[in-house]
Amino acid sequence: MTYIAKPKLRHPGIPVNRLGFTHRDYEGSISTLCAGCGHDSISFALIQACFELNIEPHRVAKLSGIGCSSKTPDYLLGQSHGFNSVHGRMPSVLTGANLANRELMYLGISGDGDSASIGLGQFIHCVRRGVNMVYITENNGVYGLTKGQFSATADRGSKSKAGGFNADSPLDLVSMALMVGATFVGRSFSGDKAQMVPLIMAAMSHPGPAFIDIVSPCVAFNNHAGSTKAYDFVRAHNEAVNRLDIMEPREAIKVEYAPGTTEEVALHDGSTLKLAKLAADYDPFDKVGALNYLQARAAEGELVTGLIYMDSAPKDMHANLNTVAAPLNRLSKAELCPGSKGLDAFNASHR
Amino acid sequence: MPQVKSVNDFVVKFANVNGSGSASANEMFARSILRMGVPVTSRNIFPSNIQGLPTWYEVRVSGHGWLGRRGGVDLMVAMNPQTWDKDVASIDAGGYLFYDSSRPVPPSKFRDDINIVRMPLTEICNARYSDPRQRQLFKNIIYIGALAQLLGIELGVLEKLIGEQYKGKDALIAPNHQALHMGHGYAHDNLSNLCGLRIERANEVGTRIFVSGNDAAGLGCVYGGATVAAWYPITPSTSVAEAFGKHCRKYRVDADTAKNKFAIVQSEDEISAIGTVIGACWNGARAFTATSGPGISLMQEFLGLAYFAEIPAVIIDVQRGGPSTGMPTRTQQADLLICAYASHGDTKHVLLLPEDPRELFEFCAQSFDLAERLQTPVFVLEDLDIGMNDWLCEPFQWDDSRTYDRGKVMTAEELEAGKTFGRYLDVDGDAIPYRTLPGTHPTKGAYFTRGSSRDRFAKYSEEGPVYQDNMQRLLRKFDTARSLVPAPVITHARADGKTRHAAIYFGSTAPAMREALAALKADGVELDTMRLRAFPFPESVTDFINAYDQIFLVEQNRDAQMRSLLVNECGIDPARFVSVLHFDGTPITARFIIAAIAERLSLSSQEAAE
């Protein structure tokens, strides 16, 4: 990590987005993670995505659990409220926050220890409930802060830095998210910014439970030969099924179907997702096909990345609960309290 | 044969088989007495089971208005062969045993000091009904009809209750009326003058209502402005969440859009439930969870976070018998310590201790004001006795001029005007800082909430003095809470000066305690009393205790947990307390309290004589 703060000087030519914000306006505190940590690249991609999407920083709430990944919300969106909660329990806190105010964007940042081990239950149930959020796991297969133990996403047969051998089967959060109802599922690699940024942007434009698993090598404890989450290994085994591009809202939205070339999909915020298919036989709108494809490629030792699945008509938890359009935290006493009149009826019916 | 003779003052106990449909018939029985203007209180003693295990329903009839359990049984309605011996043994001498005499019972199974009332219920049912389900359900109504005749309950009152119960399912009314009359007719022809217990019309109920605590708690949360509830099913708290849902569907659905002004999440476990409550409260909604002891155990880590990060939360704990699974369908007051000091590290939490459904309604509504004012978890500690039984209590009241205290939330306007925002800064001297809600202002007031140590401006810090500064402020904040929570209720037995001994009690012990105090007074034992209503203890609690040499402390747990709390927090010599502890899982009775206090007093007077 560095401890030298960036100067606050602003070059007059620095790009600003439609809201007049610069890239710096989306940054947070200085990262305390190790130099070269994949997580910092993900933070940068998140900052870039928010900048590109012209998101007002204060309209985002960032939530996390405990661990290296869960520290990162502090390192981005300094004008957003953040909540570094309890190990493995961010999903329930995010669920509550979302229930209280449906108007904000909820960004859940977690890791493989936080979401696949201690918090697996909360992760699954939060997705099941259809919470409208962008949920990112910064997946390095290892416990960083406690110095290098295997996590539940470590592949069977992978070796730890200290020489240990992982005999347990790995959990695949992407397949699990698909199975339990995530309506946007992607996977990426922290070393591939060109893929990450538009994928995050698409997830942020998606009004439902969006999940992205980002393989993010741990330079301190899991970047050696024999690790399947090392930079070199992931570069060699990464099979991107598509490339995305997000375009600003425009009037006419065309959707082309030409396998092997590009496809354009209207997103709910009015922008357009341009999808370049790299695997001709891959359809990200076919959930069953996606699950099969993931299994088939995993059996070949390949890591499928890109937009894995998207439901173009998602429903979220608030739709399921039929809540009012106004945020629940803004309802007044007059709207909430039935008053003495209501009690008269209650009392009368209990005699 | 001696006969217990009593008008409007006796105990009827029904011994039934769980799942036989007896509960609603028995409740109708209790309600019919109320409708005749005679106070009753009822207690369901039920197993952790859906069908087959024994269940009891105890009705205390008290023209004097004593609403606790008295102890003992005057009339046993023995409908369960499984528990026959125990049920027969529990009847007071001279009392009555009413049973189904369709099958012969050997003479050795009776007692010669009780009165036997035989009715061939199964025979009557089988002769009249062919459908097995009808035989079962109408049997309950038939015995209610017979009891009405035996005790002098007006048939018209029961008919009206049946009409109310089956409103909208009118086809069921006439057959139920017929069954009622069948039982009444049989008793009239065959059982007249067998029973010395009578109900006589009175005017002692007034405007009081008959309501369960969990129903009241759910309603209190609606009135308190809760919009988010997250919960996991657990006896005996499940009906709190269900009642909240019921009342919300009645009062909280927008008339124009048919959309809900509430959200209820059935969580995957109690950890998730409290996490969701904390997330919602952090984001400015009023949220609560309802649980019982095992749930409180699971929530510990999150409760520490809410304490340390200063996030409001309301937890309704319907206490049951612990530890572990313990006695899930029995009552206790055994979660005091785990709630008061929930989570690792140095913590202290606010507890509210309601005495009955009315106060529970009030405390639930008030708990949200306290939680937001103090920015900390608030526990409403009720128990199975209050929660799952119908209690006769004063009608609920609401002052329409009352406003919600949303606590110190800094607004966008205040931030814009340049007001200094430090999330953990004590600006007002009451140790309560200001908070901002997510999404308030584009460039001001954002902060990072964390369970790790931080400075007054919410910046991460592991500096010893910074950590201590914060922990000391949290302690001062708890001092502020002392003046905000409900004060104890203190009563003096004499107009002139104090008594020699005093008694302290709290929660569901209240009605049995009142009856015990009156009985002790009749025997010449006068006690000043203090009913605790909250933790932290207001100053008046210590003052009261210091005024007496010896104080009876009545609790429904084994370890005298309230005593620990008082000793620890008020610095009182433990020898000053004489514990009266009832923890067999049944609600404490007046007789138990009277016996314990009388015995102790006679012991101490003997000691004094020696």
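**View 1. An exposed lysine with a positive phi in chain A.** Because A:Lys147 has 11 C-beta neighbours inside 10 Å, this residue counts as exposed, the limit for that class being 12 or fewer. This view, like those that follow, is drawn from a predicted model. The loop that holds A:Lys147 runs between strand E5 (142-143) and strand E6 (149-150) of chain A, and the phi of A:Lys147 is near 75°, a positive value in a residue other than glycine. Such a value deserves a close-up because most residues other than glycine have a negative phi.

**View 2. A partly exposed serine with a positive phi in chain B.** B:Ser343 is not a glycine, and yet its phi is positive, at about 85°. The residue is found in the loop between helix H11 (336-340) and strand E15 (350-352) of chain B. Is B:Ser343 exposed or partly exposed? With 19 C-beta neighbours inside 10 Å, B:Ser343 counts as partly exposed, since a residue is called buried if 20 or more such atoms lie within that distance.

**View 3. Two cis peptide bonds that lead into prolines of chain B.** One cis peptide bond joins B:Thr235 and B:Pro236, with omega about 5°, and B:Pro236 lies in the loop that connects strand E10 (228-231) with helix H8 (238-251) of chain B. Another cis peptide bond joins B:Gly322 and B:Pro323, where omega is about -5°; B:Pro323 is found in the loop between strand E13 (313-321) and strand E14 (327-331) of chain B. These bonds are shown because most peptide bonds are trans.

**View 4. The side of chain A that touches chain B.** In this interface, 48 residues of chain A are in contact with 55 residues of chain B. On the side of chain A that touches chain B, at least two residues are supplied by each of strand E2 (81-84), helix H3 (90-100), helix H5 (120-128), helix H11 (333-336) and helix H12 (339-348) of chain A, and the largest share, eight residues, comes from H3(A). By residue class, this side of chain A divides into 18 nonpolar, 23 polar and seven charged residues.

**View 5. A strand of chain A paired with a strand of chain B.** Here E2(A) and strand E18 (residues 448-450) of chain B pair in the parallel sense over three bridges, with A:Gly82 standing opposite B:Phe448 in E18(B).

**View 6. A five-stranded open sheet in chain B and the helices packed on it.** The strands of this open sheet follow the order E19-E21-E20-E23-E24 (chain B), and their pairing is mixed. Strand E19 (489-491) and strand E24 (577-581) of chain B are the edge strands, each pairing on one side only, and the twist from one strand to the next averages 20°. Strand E23 (residues 550-555) of chain B pairs with E24(B) in the parallel sense over five bridges, and B:Glu555 stands opposite B:Leu581 in E24(B). Helix H16 (residues 510-522) of chain B packs on the sheet, where it touches strand E20 (501-506), strand E21 (527-532) and E23 of chain B, and the direction of this helix makes about 175° with that of E21(B). Helix H18 (residues 561-570) of chain B also packs on the sheet, touching E20, E23 and E24 of chain B, and its direction makes about 135° with that of E23(B).

**View 7. Two domains of chain B.** The domain assignment of chain B includes domain 3 (412-484) and domain 4 (489-609), and 41 Å separate the centres of these two domains, taken over C-alpha atoms.

Technical notes
Residues numbered from 1 in each chain as written. Chains lettered and ligands numbered in written order. Predicted model: local features only at pLDDT ≥ 70, side-chain atom pairs only at ≥ 80, totals over all residues. Domains from an automatic or database assignment. Contact = placed C-beta atoms within 7 Å. Helix = DSSP H or I, 4+ residues; strand = E, 2+ residues; numbered from the N terminus. Nonpolar A, V, L, I, M, F, W, Y, C, P; charged D, E, K, R; others polar. Pairing = 2+ DSSP bridges. Axes fitted to C-alpha atoms, helices over the stretch in contact; angles between N-to-C directions.
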